[in-house]
Amino acid sequence: MQALKMQVLEILNEDCRTPLERIAVMTGENMETIAQAIEEMENDRIILHYAPIINWDRADRERVEGMIEVKVTPQRDLGFDAIAGRIYRFDEVKSVYLMSGNYDLLVLVEARTLKELASFVSEKLSALEAVTGTATSFVLKRYKQDGVIFDGEKNDNRLAVIP
Amino acid sequence: MSRSFVNPLVQNVPPSGIRRFFDIAGTMQDAISLGVGEPDFVTPYHIRNAAMDSILDGETQYTPNKGLPSLLEAISVYLKERFSASYDPEKEIMVTVGASEAIDLALRTCIQPGDDVLVPDPGYVSYAPNVSFVGGHAVSVVTKAEDQFRMTEEGLENAVTRNTKALILPYPNNPTGAVMGKEDLEMVARFAEKHDLLVISDEIYGELIYEGELLSFAAIPGMKERTILINGFSKAFAMTGWRLGYACAPREILSQMNKIHQYTIMCASRQAQVAGRQALVRGLENNFEDVTIMRESYNRRRRVMLDAFRKMGLDCFEPKGAFYCFPSVKNTGLSSEEFCSRLLQQHKVVCVPGTAFGDSGAGHIRCCYATDMNRMLEAFERMKAFLNTL
């Protein structure tokens with residue numbers, strides 16, 4: 001089951017819309033087994049969510065993204081988890097990572113306008129008591145995300161017919 | 001009329017049967033090709049990087065004729081560990097420009113005018129012409145769908161003659177995807193012994209099997225003395241364009257093969273050799289992780305393709321190796337050429353007619369599943385639409 005689950009994860013990671021029936025064919029298992037494997041992984045919170053990768057620059061929507069390096073004071077007994085929890089509960093926050101190196105948390109934020117993002121940093125994030133410093137960088141262009149290249153085309157250099 | 005300067009041995013070999021399809025497909029926009037014969041992965045990064053380093057380090061000279069000693073050593077270890085085949089890196093292995101050169105060398109070294117060479121039908125397109133170029137005569141060993149396109153004792157005995165000197169044994173097989181298991185190889189061994197034949201075992205798809213253990217004919221007891229083992233990096237490591245292969249044979253044969261190689265090729269490209277060494281050395285360290293990842297990906301697509309053909313109503317035996325399916329199109333009433341030609345013209349999907357691989361390929365088409373999954377699914381939709389028009 002463990003090996004099968006790894007295979008299913010690889011398939012879903014490549015295309016999470018792959019129908020159950022096709023996953024069953026690809027792995028040589030029956031559909032019930034696949035459905036069970038997926039359900040177990042959802043219950044175990046191995047699979048958390050299914051979402052597309054969107055190139056928002058091509059969709060007609062204003063959007064600003066920032067990456068904020070945050071320095072915090074860890075709390076006794078709770079370490080960084082408590083403050084991370086405070087931060088990730090904000091709707092603007094898309095991702096939070098605990099980092100090694102010069103700062104503690106990397107916070108990815110999304111807002112509609114620059115002003116909105118700025119006020120998030122100054123009014124919400126910096127206002128948290130444990131936050132001792134922030135450095136905000138704006139995303140100018142996205143080239144690749146989760147293994148997907150945004151503007152590149154996958155070219156196949158192979159000849160159409162080879163014996 | 002001046003005399004013809006062309007050697008009749010060359011003149012008389014017909015041009016490749018799939019050339020016509022290639023020409024049409026090449027001019028067509030948004031055709032989907034299931035006609036390719038190579039991996040859809042690029043060579044793993046660390047392998048490419050090793051070649052780049054070598055270039056930047058100024059390694060731009062010839063290598064020894066038989067190849068870089070460190071590569072020969074790596075091949076020897078690899079064959080021993082993966083395929084239980086023992087070859088002395090100094091005397092019994094040589095590096096060639098693709099497995100293709102190794103096939104040519106094997107035939108030029110061992111076959112003389114009047115010799116018969118047994119070649120599976122259907123089989124890879126270049127065996128019979130290569131036999132003809134040296135004045136030999138290629139004799140078809142018919143293989144059939146009902147035998148999963150394996151060679152059978154009956155097929156071999158029907159083809160063998162007093163003049164038969166060698167057998168070409170290419171499994172896993174292009175175009176059929178057939179695999180010969182241990183018992184099948186043992187049957188071939190008995191046959192080769194009985195008729196005292198040389199066996200040219202082309203194991204270029206040796207890593208790409210989806211059931212059972214990796215096998216080499218040279219590992220069958222008693223066979224090494226009568227075997228020329230041919231392999232290469234193209235299929236297992238997605239290195240087709242590097243043109244890197246090798247041949248292993250008893251030293252008396254290998255030294256003669258190397259003589260031709262010395263005078264015609266000199267040596268395989270140094271950077272390809274460095275890359276090949278990287279592929280093997282890293283692979284021996286990490287249990288051939290790259291190969292495993294690619295094999296698993298092919299396997300998933302193999303199952304999808306097989307399932308799709310069967311659901312379309314095309315008979316297809318389950319191919320256990322290489323990356324081809326070889327379904328039958330007999331129940332459409334079309335010949336394999338008509339089928340491929342109309343499928344290409346009307347629905348822009350390229351498949352290769354089975355007859356390109358010999359008369360026994362009639363009624364079949366070769367489809368490669370080393371093809372992007374979504375493109376492949378689209379190709380199946382087009383094929384279904386085509387079948388509905390028949």
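## A small sheet in chain B

In this predicted model, B:Pro353 has a bridge partner in β12(B), and that partner is B:Ile365. Strand β12 covers residues 365–368 of chain B, and β11(B) pairs with β12(B) in the antiparallel sense over 2 bridges.

Zoom out a little and you'll find an open sheet of 3 strands, running in the order β9-β12-β11 (chain B), with antiparallel pairing. Its edge strands are β9 (324–325) and β11 (352–353) of chain B, and each of them pairs on one side only. What holds such strands together? Strands of a sheet pair through backbone hydrogen bonds.

## Helix α4 of chain B

Now try a quick check on helix α4 (residues 69–83) of chain B. It has 15 residues, so at 1.5 Å a residue it should span 21 Å; the end C-alpha atoms are 20 Å apart, which agrees.

Which residues of α4(B) are buried? They are B:Leu71, B:Leu72, B:Ala74, B:Ile75, B:Ser76, B:Leu79, B:Arg82 and B:Phe83. These buried residues pack against three elements of chain B: β2 (93–96), β8 (245–248) and α10 (270–286). Just past the end of α4(B) comes B:Ser84, with a positive phi of about 55 degrees.

## Where the chains touch

Chain B brings 21 residues to its contact with chain A, and chain A brings 11 residues. On the chain B side, α2 (19–26) and α11 (289–312) are the elements that give two or more residues. As for what this side of chain B is made of, its residues divide into 12 nonpolar, 5 polar and 4 charged.

Technical notes: Residues are numbered from 1 along each chain as its sequence is written. Chains are lettered from A and ligands numbered from 1 in the order in which they are written. This is a predicted model: local features need pLDDT of at least 70, side-chain atom pairs count only at pLDDT 80 or more; totals for chains, interfaces and linings use all residues. Helices (H or I, at least four residues) and strands (E, at least two) are DSSP runs, numbered from the N terminus. The expected span of a helix is 1.5 Å times one less than its number of residues. A residue is buried if 20 or more other C-beta atoms lie within 10 Å of its own, exposed if 12 or fewer, and partly exposed in between; C-beta atoms are placed from the backbone. Two residues are in contact if their C-beta atoms, placed from the backbone, lie within 7 Å. Ala, Val, Leu, Ile, Met, Phe, Trp, Tyr, Cys and Pro count as nonpolar, Asp, Glu, Lys and Arg as charged, and the others, Gly among them, as polar. Two strands pair if DSSP finds at least two bridges between them.
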